[in-house]
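I opened the notebook to record, step by step, what I looked up in this structure. The entries begin with the overall fold and end with the places where I would read with care.

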Amino acid sequence: MSDRITAAETLVAAPPAAGSPHVDAGDAGYSKDLKSRHINMIAIGGAIGTGLFLGAGGRLAGAGPSLAIAYAVCGVFAFFVVRALGELVLYRPSSGAFVSYAREFMGEKGAFAAGWLYFLNWATTAVADITAAATYAHFWGMFSDIPQWILALIALAVVLTANLISVKYFGEMEFWFAIIKVGALVAFMLIGIFLVVTQHPVDGHTPGFSTITDSGGIFPVGMLPMLLVIQGVVFAYASVELCGVAAGETKSPEKIMPKAINSIMWRVGLFYVGSVVLLALLLPYTSYSGDESPFVTVMDKLGIPGAAGVMNLVVLTAALSSLNSGLYSTGRILRSMALSGSAPKFTGRMNKGQVPYGGILLTAGFGVLGVGLNYVMPGEAFEIVLNFASIGILGTWGMIMLCSLLFWHRSRDGRVTRPSYQLPWAPYTQIVTLAFLATVVFLMWWGGGVGRTTVMCLPLIAAALVGGWFVVRRRVNDLAQEREDA
């Protein structure tokens, strides 16, 4: 593996002219191998992941059919976030994405906070993904005797190897992963609609609205559980920003991005809300659990030979897809930070395939720690990392909306020009979204348990960010001075 850092590491960008876009050294050196079909399917894959395929089971059991409302509400705000990011991408495509925009609008301190919060998101999500993959693998008898931590390690090794080859391989993997996920969900929804329409019994229950009404209605355990699962639902939408990162490695983002982003809204409505409604119509909410994908539960109850195994293979694919995306995006984000001095220097290195392998390996290293977590407490690993990932997601989304708000203010001053593709109802959209994110943090604390413990760790996370900034600020300032002197 080559240790070249490419010309980008020695690139010293001249100060941009007034009104011209910010120049980010971290954007140089990448190939532009991602095509329209890759970006579109990455956008789909980012909106359909482990949070739906595995997490929906436990949340449905805890909140009942009202989970569909939680998915719908969170989906609207997820769309606002990705639409805000899309406007910034059309203003200036960057592989550093929101870290690069934070650097432009909030300075290096903002970029430092945005980047490491995103790393917290994906480092912990990587643990959730390999935990989910190992959990899925235990569905088959041939893997049932293999310890969960070994299966988690195998999943990490396979995806890491593929991710280090080239962005073209990543794009192809995500393309086919997304095809499998979408195809499986469409097939499941068609089967579910058929069962509801024909009133075909499922595990002794007649599908339909009676399944909901006979089990306590939409809010069988009250409205509070629905509110408390929102932080977990936010995790389900964790990858929607991925298409913004990928825009830096495509040739025509101004043509591709609007279409890909706009399609997210109907996908959310169809796949998330639609599938949860169907799950609630097919079986009582008490039939689901967090130990098994709800889609596998339904197929297993139907008794169709091999159906549950096929669906389990699909949800395993979803977990590997999410892990693949996390390694990809953190590699690009960390490289943007490394070339400005706010991340370890080795995370800026690229291999011959123009892949920033240093950042990818750092994220994978935290995945190895997740393997250890699976060894120590296999039953609790997923829930623990899900909560910490949610904090990273909320921080990342908050930074995106802050960047969008500052961008809007600069456009009002005439310092930048907004593209024709814009976040609607600005600046109210940004303000309402930030208020929603703050509410989710409060709900995490209010719910007690692991969520409250996670929120109580926020001062430690803030202290780590402040301490980290004091460690790197001299290097950041030295590199900034070099750019000014050039």
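**Entry 1, overall make-up.** How many helices and how many strands are there in the chain? I counted 20 helices and zero strands, keeping in mind that this is a predicted model. Of the 486 residues in the chain, 60% are buried. I then looked at contacts between residues at least 6 apart in sequence, and found that 81% of them join residues at least 24 apart. The accessible surface of the chain comes to about 18,400 Å², and carbon and sulfur atoms account for 67% of that area.

**Entry 2, the core.** Which residues of the largest nonpolar core touch the most other members? This core has 158 residues, and those that touch the most other members are Phe53, Tyr71, Phe98, Trp116, Phe188, Tyr237 and Trp397. Helix α6, residues 97-137, supplies the largest share of this core, with 26 residues. I followed Tyr237 further and, leaving aside residues up to four places away in sequence, found that Tyr237 touches Tyr71, Cys74, Gly75, Ala78, Val268, Tyr272 and Trp397. Two of these partners, Tyr71 and Trp397, are also named among the core residues that touch the most other members.

**Entry 3, a loop serine.** Is Ser293 buried or exposed? Ser293 lies in the loop between α13 (253-282) and α14 (294-302), and Ser293 counts as buried because its relative accessible area is 2%, under the 20% cut-off. Beyond residues up to four places away in sequence, Ser293 touches Phe53, Leu54 and Val315, and Phe53 is one of the core residues listed in the previous entry.

**Entry 4, a nonpolar patch on the surface.** I noted as background that in soluble globular proteins nonpolar side chains tend to be buried together. On the surface of this chain, however, Ile69, Val73, Ile218, Phe219 and Met223 form a nonpolar patch, with about 400 Å² of accessible area together. Ile69 lies in helix α5, residues 67-91, and Ile69 counts as partly exposed because its relative accessibility is 35%, which falls between the 20% and 50% cut-offs.

**Entry 5, confidence.** Where in the chain is confidence lowest, and where is it highest? Among the helices, I found the lowest mean, 37, in helix α1 (residues 6-10) and the highest, 94, in helix α18 (residues 428-446). The chain averages a pLDDT of 83, and 90% of the residues score at least 70. Over residues 1-20 pLDDT stays under 50, although the model has 40 contacts beyond four places in sequence for this stretch. Where pLDDT is low, the predicted coordinates should not be read in detail.

Notes. Residues numbered from 1 in each chain as written. Predicted model: local features only at pLDDT ≥ 70, side-chain atom pairs only at ≥ 80, totals over all residues. Heavy atoms only, no water. Patch = residues over 30% accessible without salt bridge, like charges linked within 9 Å, V, L, I, M, F, W, Y side chains within 5 Å. Areas by Shrake-Rupley, 256 points an atom, 1.4 Å probe, with all protein chains shown as cover. Salt bridge = Lys/Arg side-chain N within 4 Å of Asp/Glu carboxyl O. Helix = DSSP H or I, 4+ residues; strand = E, 2+ residues; numbered from the N terminus. Buried < 20%, exposed > 50% of the residue type's maximum accessible area, 1.4 Å probe, protein only. Contact = heavy atoms within 4.5 Å. Core = buried A, V, L, I, M, F, W, Y, C linked by side-chain atoms within 4.5 Å. pLDDT = per-residue confidence, 0-100.
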